[in-house]
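Dear colleague,

Please find below the structure that I am handing over to you. My findings follow directly after it.

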Protein chains: 2
Amino acid sequence: MTELIETKLSSEIIFQGRFLDVRRDVVELPNGKTTTREWINHPGAVVILPILPDGLIGLIRQYRYAAQGEFIELPAGKLDSGEKPLACAARELKEEIGYKAGKLTFLAQIHPAIGFANEVMSVYLAENLEKTDCNPDADEFLELLPTPLEDAVTMVWNGKITDVKTIIGVLWLNRLCQQHRQ
Amino acid sequence: MTELIETKLSSEIIFQGRFLDVRRDVVELPNGKTTTREWINHPGAVVILPILPDGLIGLIRQYRYAAQGEFIELPAGKLDSGEKPLACAARELKEEIGYKAGKLTFLAQIHPAIGFANEVMSVYLAENLEKTDCNPDADEFLELLPTPLEDAVTMVWNGKITDVKTIIGVLWLNRLCQQHRQ
């Protein structure tokens, strides 16, 4: 196999934002030459597949300012400093849709933006849910959309769901259910 | 339905990088309060599902500096200034793996990072491929990995493929093939 690794020679933070920062590193390429790489340092995130007490999936509808539109998504959120993904999944489930999960199962790790960010997203299945209060962030507005799995799958294939973490979560759950039925 | 839109009150570029910039906008929330949103302005990108002349999928192996590792991916790339996605798909297919497509079919638009970026990625199926020369960017190193579709699907479910655009592309192609067989 060809050697493809790029080795860091130096690194500087060229922009420090509220939750992410931009780094510019000088790196040595596989051919011995050097180049610069600009990249976003991201804290990591979780995405949650909540199976509501009635068996529907707890999708949400949320306005996303960066992408300038409303999206149908699975609940998700960034890790707080030092927070483990499992704890983050439990916290976001409560904050965003007001449920406590009796069982949280890790399904997968995915990389949303490897071209320019180090974000890793852990996907959890949330079962045995119990209603509790919900406390979204002060600047977070969303609406719960309980949805049958087959409708969610249809929304993936007809382009109504375009958010990558939600597409992958829905298709993952669909596969789990297909395996369960076999 | 609850009104969720956030309205821009002002916007400034707070960091200008080589291919992306960071904006900080003051926005009005649905409850009338204001907050700031930091977001990445991204030119957009394409991802290509190349069906090689022998029927295998043209996956690639590439080191991704931001994510600090090697990834198995579909060919992809950012739009040049003013470039249309279809033209970008043809260009990246040639640059990255050295093929010209007799037929490029749009399959889907996906949003990789709606939490912090406006990136939209267009997914194309590339068929009737003809070998040509390839000319990767000077700082781009990759290896072609021709792969049977069923192996690619297995690599999605066993966690060997974690890149979101590649997961979605492979599962999309798998569905097309299942429909074709029916």
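**Helix packing, sheet and interface**

In this predicted model, the crossing of α2(A) with α3(A) is left-handed. The axes of the two helices come within 10 Å and cross at roughly 135 degrees. Since angles over 145 degrees would count as roughly antiparallel, α2(A) is therefore oblique to α3(A). On the α2(A) side, the contact is made by A:Leu149, A:Ala152, A:Val153 and A:Val156; they meet residues of α3(A) that include A:Ile167, A:Val170 and A:Asn174. By class, this contact has nine nonpolar residues, one polar residue and no charged ones.

An open sheet of three strands in chain A follows the order β6-β5-β10, and its pairing is antiparallel. Strands β6 (69-73) and β10 (142-147) of chain A each have a single partner and stand at the edges, so one side of each has no neighbour in the sheet. On average, neighbouring strands are turned by 25 degrees against each other, direction ignored. Helix α2 (residues 149-157) of chain A packs on this sheet and touches β5, β6 and β10 of chain A; its direction makes about 40 degrees with that of β5(A). Between β5 (residues 57-64) of chain A and β6(A) there are five bridges, and A:Ile60 has A:Glu73 in β6(A) as its bridge partner.

As for the interface, 52 residues of chain A are in contact with 52 residues of chain B. Among the elements of chain A that give two or more residues to this side are β5, β6 and α3 (164-181). The residues on the chain A side divide into 30 nonpolar, eleven polar and eleven charged.

With kind regards

Terms used. Residues numbered from 1 in each chain as written. Chains lettered and ligands numbered in written order. Predicted model: local features only at pLDDT ≥ 70, side-chain atom pairs only at ≥ 80, totals over all residues. Pairing = 2+ DSSP bridges. Helix = DSSP H or I, 4+ residues; strand = E, 2+ residues; numbered from the N terminus. Axes fitted to C-alpha atoms, helices over the stretch in contact; angles between N-to-C directions. Contact = placed C-beta atoms within 7 Å. Nonpolar A, V, L, I, M, F, W, Y, C, P; charged D, E, K, R; others polar. Parallel < 35°, antiparallel > 145°, perpendicular 65-115°, else oblique. Left-handed = near helix turned anticlockwise from the far one by under 90°.
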